[in-house]
Amino acid sequence: MKSSQRNLLMKFDNARIRNKVLAGLAAVVLPLIAVGVLTFFASGSVQSDFDKLGLRDLPQYTMTDDVEVSTLHLLRSFSELISLTLANRYGDGSAAVAVEKARDDVAQAKANLAKAIDSLAALPNSSQPREHSIIIEIRSGALNVILEIDSTIAILDSGSPKQIFSRAARVQQKAVRLNTWIDQLHAISSTALATANTTLGGTIGTLRAVAVGGCILGLFIALGGGLLTANRIARPIQSLRSAAERLGDGDFAALDSERKTTDEIGDLIGAFQETARKLRESQDKVTRNERLSALGQVAGSVSHELRNPLGTIRHSMGMVRQMTAGKGLGVERALDRIDRSIERCNAIVSDILEFSRVQELNREATAIDSWLDDMLDEHEVTPAVTVRRELGSGAEVLLDCTRFRQVLVNLIDNAAQAMTDPEWAPGDERQRTITVRTVAAGPHVRLSVADTGPGIPADKLGKIFEPLFTTKAKGVGLGLPTVRKLVEQHGGTIDVESTTGEGTTFTVWLPRQHGQADLQPDAPIAATA
Amino acid sequence: MTSKPVRIMIVDDDQDLAESLADLLQVHGYDVDIAKDGQDALEHARAQDFDITLMDVRMPVMNGVDSFLAIRKIKPQARIVMMTGFKEPILERAIRAGAEGPLHKPFSVDDLLKLFETIH
């Protein structure tokens, strides 16, 4: 039931992201589609406007038409003038008035043609060279007609009828030639118009197809891309969400397998992983503290309760020893064993008490090198082991010398015990050596205790600071946890490196006392083991 | 050596411990009495004199420190050795007020006899 609710919730979230992405894309795509639709209809209206456009709407057509009409009119009034003139010459002379009128008509017709030619001259130059040259021919043709008419009129009164008709025939020729040019121009214009119409139709068709296709394609791309993008955003978020829920259930490794991308989602995953890491650390610390606290509460009463019976055993044994002394009963060795065992029990109780003790440190500024020198002088180590000193930090740290002594004693005794373990012998003639070294490291002092012993197996290395974990045959497993507790109480950290067969190095990082002059910038900060 | 044996009072609520210590001291020639808590020790001290008192700290009815202070009021010369199995903070009060020791349980008979020599 719970799981199906979760799925529903995720789908709901996914739908919300999808809708947001689609809305964003729609805001871009819809105006584009509107532009497409407008283009479609506008191109349709351009086509129909063009369809209505005829040859007679072209300026070169109407103007050449004027030339043609004016020429015809001129020819008609010209032939009228010839026939009236000849009739008057060979008749009774009564047609003189009509001849004068015919002359005026011809003059008027000439003026009209000249005007039409001027209009043609005012036409802008055509983009088509052929059309342009034909227009020039039309203009010169019409001028030729006028010139031939003028030269005919010049001999009209004196010339013989034969001369006159001969000139008139030349006028006719020029007129026919002019007409041919005009027809050619009309044919070219008509073809050009038809070609233009076809081309425009094709272009508009392409434009409309692009507009329609673009709209449909845009819609599909927006929809598909939107869903894809929404999915790409939503999937890692969903994955992260379920990982976060697993984290909430206590699975600290839930986020480790999340793939980290280079985008904001990747940053988010990184932030979550960092949070999980801190959470795990703090959870570990809480667990450790809870264990310590429980142990501490028990330890006080247990140690008290144990030390009384230990005292009883010891006193009773002392009495037995006193009463049997010198009687040759052979119990002395047994009594010695009891005594040693009491000591061991007492040492364990002391370890537990020391570990669980909550006590304020009494720290004072201490030159750590000389303090270590004195401490190592006092502390006895088995002669089988050489202790080397490389004390070069020159630094002061705030130490509770009594408590911090335990740190060193513990680390050195552990190392000595490991190297004198009867089940282990150095592979070569290496000496059994413990090296105690101090180095200044920026705001810290690095204090290391290195041995040349058997080393700690990798699978145990991570656990050695856990309470009650021990690799020794004898020991309750509180030595290193106490060391770590004391180091942390001093504001430091401790870590360990070990190679099987080569040895183990414990490194303690302690903060230097403020006011030290030679701070180095390259201060490595140790990770807590 | 015609003098009277040294009189010792052991104050401890742990009966086995008190008796084993008493046996051991008797073997070594001491005259030993046992009180089961601080209040009992105070009553013993009112009734008779002891050369040395071995006083536990954690006890029911009256703890060792209060008992020490109370005995000191009626017997200012009494020599009282504190015994403990644990570093009790309240023990400091008794030591500052002149208590001997402390002896840390489980102490050996040698430690005990050495201490007796220094104070008696």
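This is a short chat about chain B of a predicted model and its contact with chain A.

Trainee: Where does this model come from?
Mentor: It is a predicted model.

Trainee: OK. How many helices and strands does chain B have?
Mentor: Chain B has five helices and five strands.

Trainee: And what pattern do they follow along the sequence?
Mentor: Chain B reads β-α-β-α-β-α-β-α-β-α.

Trainee: Which way do strand 4 and strand 5 of chain B run?
Mentor: They run parallel. Strand 4 covers residues 79–84 of chain B, and strand 5 covers residues 100–104. Three bridges join the two strands.

Trainee: Which residue in strand 5 is the bridge partner of B:Val81?
Mentor: That partner is B:Glu100.

Trainee: What does the chain cross through from strand 4 to strand 5 of chain B?
Mentor: Helix 4 of chain B, residues 91–96. This β-α-β crossover is right-handed.

Trainee: New topic. How much of chain B counts as buried?
Mentor: Of its 120 residues, 38% count as buried.

Trainee: And what about contacts between residues far along the sequence?
Mentor: Take the contacts in chain B with a separation of 6 or more. Residues 24 or more positions apart account for 58% of them.

Trainee: Now the contact with chain A. How many residues does each chain give?
Mentor: Chain B gives 16 residues and chain A gives 17 residues.

Trainee: Which element gives the largest share of the chain B side?
Mentor: Helix 1 of chain B, residues 15–27, with seven residues.

Trainee: What classes of residue are on that side of chain B?
Mentor: The side of chain B that touches chain A has seven nonpolar, four polar and five charged residues.

Key. Residues numbered from 1 in each chain as written. Chains lettered and ligands numbered in written order. Predicted model: local features only at pLDDT ≥ 70, side-chain atom pairs only at ≥ 80, totals over all residues. Contact = placed C-beta atoms within 7 Å. Helix = DSSP H or I, 4+ residues; strand = E, 2+ residues; numbered from the N terminus. Nonpolar A, V, L, I, M, F, W, Y, C, P; charged D, E, K, R; others polar. Pairing = 2+ DSSP bridges. Right-handed = clockwise from strand over helix to strand, strands pointing away. Buried ≥ 20, exposed ≤ 12 C-beta atoms within 10 Å, placed from the backbone.
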